[in-house]
Every structure is written in structure tokens, then in C-alpha cells.
Amino acid sequence: MNCILHGEYLANQVWLGGKLKEISECPKCHEEHLAERAIDEEKARKQEEAKNRQARIKETRMPLEYQTKGFSTFIQETDSQKAAFKLARRFVKGWEKAKAGGYGLLFLGGCGTGKTHLACAIMLELMERYLFVYPRYYKVSEIFSAVRSTYQTGVITNEEEMLKFFSSIQLLVIDEVGIQKGSEAEKRILFSILDNRVTSNKPTILMSNLGPKALAELLGDRLYDRVRSKCVPMLFAGPSMRKPATADLFD
Ligand SMILES: Nc1ncnc2c1ncn2[C@@H]1O[C@H](COP(=O)(O)OP(=O)(O)O)[C@@H](O)[C@H]1O
Ligand SMILES: [Mg+2]
Ligand SMILES: [Zn+2]
């Protein structure tokens, strides 16, 4: 046979009942087609992977803003940033130990100092490295409203089940602890979840704008002591890293 691209080649012919059913394609064309298919399949696999990765990130409930941030975009200029970064890295590296012992982190410091950024970077990196890590991000206020939603009539989940749900999350990241002065009922919810997690060795990453003293006051000495025995503290110092909006955003 003659291939318009590659010239003459020896073809296999398949005859069936006196009719020519098939002529084999040019071996060079065949090779090219196989290579093209392999590239397409690889592309599809990569797309599928990216889709799964995105779905997994979404499942963590981390805010959109932080989904594309990570360790790579965390600036380490000040000593505080360096120390925080190092601790975050160690946590990821020591995840198996953190998981086994229920050890977490306690990020303290003023707003805009990178607490949420670094906590989300930890979640992203853990998911990148381990297949079976299921971190969940909740602001304290979101936990409260989830628990409160069970008080409504007609809702099947009761408060106890909801508390159990938060207590059983593999790695729970709780943001904005103490941002609003909680009611007694809300304090009880937070105590219950933290106490359960601490006593059942579930790692938790806690973030708060409060100083150690104010946090101890909020949680009570007993619970604060327990949290301190499980969560390695890190003070985020320095001014806010959040960039102020400028008019050129509209250009
Ligand atoms: N060290 C850092 N490197 C890069 N960006 C940072 C750093 N610290 C904070 N940011 C950015 O500043 C903004 C505020 O940080 P965030 O983590 O939300 O602060 P916090 O949770 O402590 O209030 C975010 O957009 C974050 O990405
Ligand atoms: Mg924050
Ligand atoms: Zn050919």
C-alpha cells in the first residue's frame, strides 16, 4: 500500500467471505496515532486529577481567597514569620505523629498577620502529600450556627449529633476564636467540642486574635490548660500584611 505521508508499506489485508474487510494502516501513521492518543489520555488524566484536587480543597470549606495560597506564597521576612513557617512545616512533616497523639497548633496574634493563610497552607500541603487527610475549616461562628440550626423543629440532626460531628472531624481548623464575646450557650458548645477533641486525641488548629491571657479567660483555666497540652502555640507578630485596596484594581 501507499501512505501519502510515509510512502510505500507492506499491508495486512483481512478478507471475509470474498470481501476485503480491512487493510492495516501504515505502521508509521499507526505509531503516530498511538502517541497522539497517549498524549490525549495523559491530558485527560491530568484534568481529572486537577478536578479531584479542586473538589477536595472545596470540601475543606476553606475560604476561596486562601485556596490558591500556600507555603510557596508565604513571605518569610520577620523572625515571627520564619518561626511560624517552620512550625507549620514541622506539623505537616510530623502529621502521622500529630494524628496519633492528637497534637495541633494554636495560632495567636493580631489580624492580618498570616494565621489563616498559614493554616490553609497546612491543609493544602497535607492534602497534597497524603491521600487520607480530611481537614475541615470552620469559623467559630459557623460552628455555632451549625449547632444552633439543630434547635429548629423538623431538623433531624440533634445538638448532640452535631457536637459529635465536630468532635470527630479528623483535623479541625477553627478560625476566629474569641472574635465575638460568645453567649454562655456558645461557650458551652466550644468547650464541649474542644474538650472532646482533646480527650479523644483529635488534632485541632485553633486561631485567635486574643492574647494568651484573654484566651485563657475565654476558655477557662482548665480547658485552656488542656488545649495548651495538645496545641503548640505560635505568636504571629507584626503589622497586618493585608494589602489596602487601591484604585488601580479597576484598571
Ligand atoms: N507572611 C505572609 N506572606 C504572604 N502573605 C501574607 C503573609 N501574612 C499574611 N499574608 C496575607 O495577608 C492577608 C491577611 O492574612 P491572614 O492570614 O488572613 O491574617 P490573619 O488570619 O492572621 O488575620 C492574606 O491575604 C494573606 O495571604
Ligand atoms: Mg484570619
Ligand atoms: Zn503513514
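**View 1. F107 and the residues around it.** In this predicted model, F107 touches L87, K115, L118, A119, I122, L206, M207, S208, M234 and F236, leaving aside residues up to four places away in sequence. Keep F107 in mind, as we meet this residue again in the next view.

**View 2. The largest nonpolar core, with 32 residues.** Which residues have the most contacts inside this core? They are F91, F107, L118 and I122. Two or more residues each come from helix 3 (79–93), helix 4 (95–101), strand 5, helix 5, strand 7, strand 8 and strand 9. Helix 5 gives the most, with nine residues.

**View 3. A second, separate core of 28 residues.** Among the residues of this second core are F166, L206, A216 and C231. L206 may look familiar, since F107 touches L206 in the opening view.

**View 4. An open sheet of five strands.** Follow the strands across in the order 6-7-8-5-9, and you will find the pairing to be parallel. Strand 6 (135–139) and strand 9 (231–236) each have a single partner strand because they stand at the edges, so one side of each is left without a neighbour in the sheet. On average, neighbouring strands here are turned by 15 degrees against each other, direction ignored.

**View 5. The pairing of strand 6 with strand 7 (residues 171–177).** As a reminder, strands of a sheet pair through backbone hydrogen bonds, either parallel or antiparallel. Here the sense is parallel, and five bridges join strand 6 to strand 7. Where does Y137 find its bridge partner in strand 7? The partner is V173.

**View 6. Helices that meet the sheet.** Helix 5 (residues 115–129) packs on the sheet and touches strand 5 (104–109), strand 6, strand 7, strand 8 (204–208) and strand 9. The direction of helix 5 makes about 155 degrees with that of strand 5. Helix 8 (residues 184–199) lies across strand 7 and strand 8, and runs at about 145 degrees to strand 7.

**View 7. Stepping back to the chain, with its ten helices and nine strands.** The radius of gyration is 27 Å, well over the 18 Å that the globule rule gives for 251 residues, so the chain is more spread out than a compact globule. Along the principal axes, the C-alpha atoms fill a box of roughly 90 × 50 × 40 Å. Buried residues make up 37% of the 251 residues. Of the contacts with a separation of 6 or more, 73% are between residues 24 or more positions apart. The chain exposes about 15800 Å², with carbon and sulfur atoms supplying 55% of it.

Definitions and conventions: Residues numbered from 1 in each chain as written. Chains lettered and ligands numbered in written order. Predicted model: local features only at pLDDT ≥ 70, side-chain atom pairs only at ≥ 80, totals over all residues. Heavy atoms only, no water. Pairing = 2+ DSSP bridges. Helix = DSSP H or I, 4+ residues; strand = E, 2+ residues; numbered from the N terminus. Axes fitted to C-alpha atoms, helices over the stretch in contact; angles between N-to-C directions. Contact = heavy atoms within 4.5 Å. Rg over C-alpha atoms; globule rule 2.2 N^0.38 Å. Buried < 20%, exposed > 50% of the residue type's maximum accessible area, 1.4 Å probe, protein only. Areas by Shrake-Rupley, 256 points an atom, 1.4 Å probe, with all protein chains shown as cover. Core = buried A, V, L, I, M, F, W, Y, C linked by side-chain atoms within 4.5 Å.
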